Amino acid sequence: MIDMEVPTLMDIELERSAEQPDDKILKTYSFFQIETKDHSKDNMDEDSKYEDYEVRLHTMIRQWKSLYFETYEHMKRSQENNLIIDRNILSADQLAYLQNAPSPQVFFRDALDFRRKFYLFKEMKYAEIKDMLDNLGDLCEQRLCLIMANEISDNLANTKKKCEIIN
């Protein structure tokens, strides 16, 4: 059988503070033995503050709800009304510009076509150009090595001739 009795921990010893005189004794309470009469005066003020806050909160919620529903109804009404643009106030040039202006669908289609072409260029043409630049760099390096080798051989040949003339 399991022992169902659980010991209750209680801290009811008196404490003496070193800073306070001996006649003042501080009580410590266990977590489970806090008496409500000690805190009832403080709680009354907190309760009234909480009730005031609760009333204000409910009022604000009602105001926000009414604002939300009013805005929703206004939006519904504005969608029902078909907006008609008065073209009489536009000049002939402005009307011609509007008639010839591309539609958003055409703009997006052209933009997508441009992106496709850009990616093709980037993948194919740019790779070719990069290979050409790498090859050009290699050729320049080979040419530089050839020039240096020629200069070294010319210097060696000149020093050999000078040695032969001196001897």
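A residue is counted as buried when its relative accessible area is under 20%, as exposed when that area is over 50%, and as partly exposed in between. In the predicted model described here, Ile129 has a relative accessibility of 39% and therefore counts as partly exposed. This residue lies in helix H3. Ile129 is also one member of a nonpolar patch on the surface, in which it is joined by Phe121, Tyr126, Leu133 and Leu136. Together, the five residues of this patch have about 500 Å² of accessible area.

The chain as a whole comprises three helices and two strands. Read along the sequence, these elements follow the pattern β-β-α-α-α, with the strands preceding the helices. Of the 167 residues in the chain, 1% are buried. The exposed surface of the chain amounts to about 17200 Å², and carbon and sulfur atoms supply 60% of this area.

Confidence in the prediction varies along the chain. The average pLDDT is 76, and 68% of the residues score at least 70. Among the elements, helix H3, which spans residues 104-166, has the highest mean pLDDT, at 86. The lowest mean, 48, belongs to strand E1, formed by residues 14-15. Over residues 13-20 the pLDDT is below 50; in the model, this stretch nevertheless has eleven contacts beyond near neighbours in sequence.

Helix H3 also contains the residues that take part in salt bridges, of which the structure holds two. In one of them, the side chains of Asp113 and Arg116 meet with an N to O distance of 2.7 Å. These two residues are three positions apart in helix H3, about one turn of the helix. Asp113 has a relative accessible area of 29%, and Arg116 has a relative accessibility of 46%. Both values fall between the cut-offs of 20% and 50%, so both residues are classed as partly exposed.

The other salt bridge links Asp113 with Lys117, the closest N and O atoms being 3.5 Å apart. Asp113 and Lys117 likewise lie in helix H3, four residues apart, which is again about one turn of the helix. Through salt bridges that share partners, Asp113, Arg116 and Lys117 are joined into one network. Asp113 is the partner shared by the two bridges, as it pairs with Arg116 and with Lys117.

Key:
Residues numbered from 1 in each chain as written. Predicted model: local features only at pLDDT ≥ 70, side-chain atom pairs only at ≥ 80, totals over all residues. Heavy atoms only, no water. pLDDT = per-residue confidence, 0-100. Contact = heavy atoms within 4.5 Å. Salt bridge = Lys/Arg side-chain N within 4 Å of Asp/Glu carboxyl O. Buried < 20%, exposed > 50% of the residue type's maximum accessible area, 1.4 Å probe, protein only. Patch = residues over 30% accessible without salt bridge, like charges linked within 9 Å, V, L, I, M, F, W, Y side chains within 5 Å. Areas by Shrake-Rupley, 256 points an atom, 1.4 Å probe, with all protein chains shown as cover.
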